[in-house]
Amino acid sequence: MIDVILLILGLGLILIGANALTDGASAVAKRFGISDLVIGLTVVAFGTSAPELVVSVMAAINGSAELALGNVIGSNIFNIFAIVGCTAMVMPITVGKGTMSKEIPLVILSALVIWLMSSDTLFDGADANVVSRIDGLVLLGFFAIFMRYTFSIAKDSPAEEQQEVKSMPLLKAIVWIVGGLLGLIFGGQMFVNGASGIARSLGVSESVIGLTLVAAGTSLPELATSVVAALKKNPGIAIGNVIGSCLFNVFMIVGTAATIAPLPLSGISQVDLLTYVGAALLLWICGLVIGNRKITRAEGALMVLCYVAYTVWLLMQL
């Protein structure tokens with residue numbers, strides 16, 4: 001029972017802390033003359049990925065590599081199948097040409113890269129699969145390239161897709177930043193402890209908890225942002241939100257966690273990794289081949305069913 005309470009309280013602190021940190025940092029950045037668009041591409045994008053980052057880094061520090069990697073892989077599968085699927089069921093999503101030709105292929109690349117890095121036994125005949133520190137640094141290099149690309153296309157972004165930043169007094173913004181960081185740190189520690197405790201009490205691996213419960217919990221900011229955008233008749237933002245989150249998760253979060261400590265994949269299977277690859281490919285196929293750059297309600301329902309099927313498969317392995 002105490003582990004469940006820790007999990008819920010930790011997740012609450014993480015979500016509140018991420019929101020407070022984002023609002024405070026955005027207000028400070030705006031005060032120093034940084035454009036709303038740049039803030040949206042950096043501070044806000046980081047803010048929605050902060051739960052995954054905190055959980056994965058804390059897990060890596062605590063020696064819970066399965067939880068760290070399960071969180072990222074599971075979050076990305078959830079992002080594509082559940083978030084895009086649910087959003088498309090609320091309102092069909094029109095995908096821009098640039099997104100289809102450049103950004104979704106980057107998600108496919110991220111899936112292939114993490115699969116290749118995590119398949120040492122398959123490709124090298126190694127005794128174990130490990131995302132090493134060198135792999136982590138390579139992923140951080142990919143992240144730097146992605147951020148450079150993001151800024152290069154910033155000037156072409158429509159005004160309605162730019163992040164509107166609220167103003168607040170400087171002292172309040174600093175309090176928000178400090179409070180948000182404390183919430184993330186303490187909430188992350190509580191969340192990891194709770195998730196690990198639940199895994200032990202149920203007799204399941206931390207990777208399964210990471211792929212399901214932790215992944216869905218840390219993806220709540222992306223889910224909320226995407227569904228609200230759909231309800232406001234702007235579901236296209238959901239695609240950008242999901243793409244950014246997937247790339248942040250693999251390139252920055254796994255890169256950071258693996259640089260701190262090598263991440264063995266004892267509980268992450270080829271099925272989990274290939275499900276992420278398949279999800280990325282399905283997103284591209286639905287938009288380009290089937291839907292003519294539109295993800296319909298039927299395709300959204302298919303994605304949700306894929307997520308349900310994957311979750312059922314995970315539970316059958318227990």
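A polar contact is a pair of N or O atoms within 3.5 Å; within protein, one atom must be able to donate a hydrogen and the other to accept it. By this criterion, the side chains of Ser56 and Asn71 are joined in the predicted model, at 3.1 Å.

Ser56 is a residue of helix H2, which covers residues 36-61. Ser56 is buried, and its relative accessible area is 1%. Its side chain has a further partner in the backbone oxygen of Ala68, at 3.2 Å. Beyond four places in sequence, the contacts of Ser56 are Ala68, Asn71, Val72, Ile253 and Ala257. Ala68 and Asn71 thus recur among these contacts; Ala68 is reached through its backbone oxygen, and Asn71 through its side chain.

Phe191 sits in helix H7, residues 170-202. Its relative accessible area is 1%, and the residue is buried. Contacts with residues over four places away in sequence involve Leu6, Leu7, Gly10, Leu11, Ile14, Val55, Val214 and Thr218. Ile14 is 177 residues from Phe191 in sequence. In space, their C-alpha atoms are 8.5 Å apart.

Two of the contacts of Phe191, Val214 and Thr218, belong to helix H8 and are buried there. Helix H8 spans residues 206-218 and has 13 residues. Its end C-alpha atoms are only 15 Å apart. A straight helix would reach 18 Å at 1.5 Å a residue, and H8 falls short of that. H8 also has a kink of about 30 degrees, centred on Thr212. Thr212 itself is buried. Eleven of the 13 residues of H8 are buried, so the helix is largely enclosed by the rest of the structure. Among them are Glu206 and Ser207 at the start of the helix, Gly210 and Leu211 just before the kink centre, and Gly217. Val208, Ile209 and Ala215 are buried as well.

Cysteines were examined next. The structure holds zero disulfides. Cys286 is accordingly in no disulfide, and the nearest cysteine sulfur, that of Cys306, is 8.4 Å away. A disulfide requires sulfur atoms within 2.5 Å, so this pair does not qualify. Cys286 is buried, with a relative accessible area of 0%. Cys246 is also buried, at a relative accessible area of 1%.

Conventions: Residues are numbered from 1 along each chain as its sequence is written. This is a predicted model: local features need pLDDT of at least 70, side-chain atom pairs count only at pLDDT 80 or more; totals for chains, interfaces and linings use all residues. Side-chain values use heavy atoms; hydrogens and water are left out. Buried means under 20% relative accessible area, exposed over 50%, partly exposed in between (1.4 Å probe, protein chains only). Helices (H or I, at least four residues) and strands (E, at least two) are DSSP runs, numbered from the N terminus. Contact means heavy atoms within 4.5 Å. The expected span of a helix is 1.5 Å times one less than its number of residues. The bend at a residue is the angle between axes fitted to the seven residues ending there and the seven starting there.
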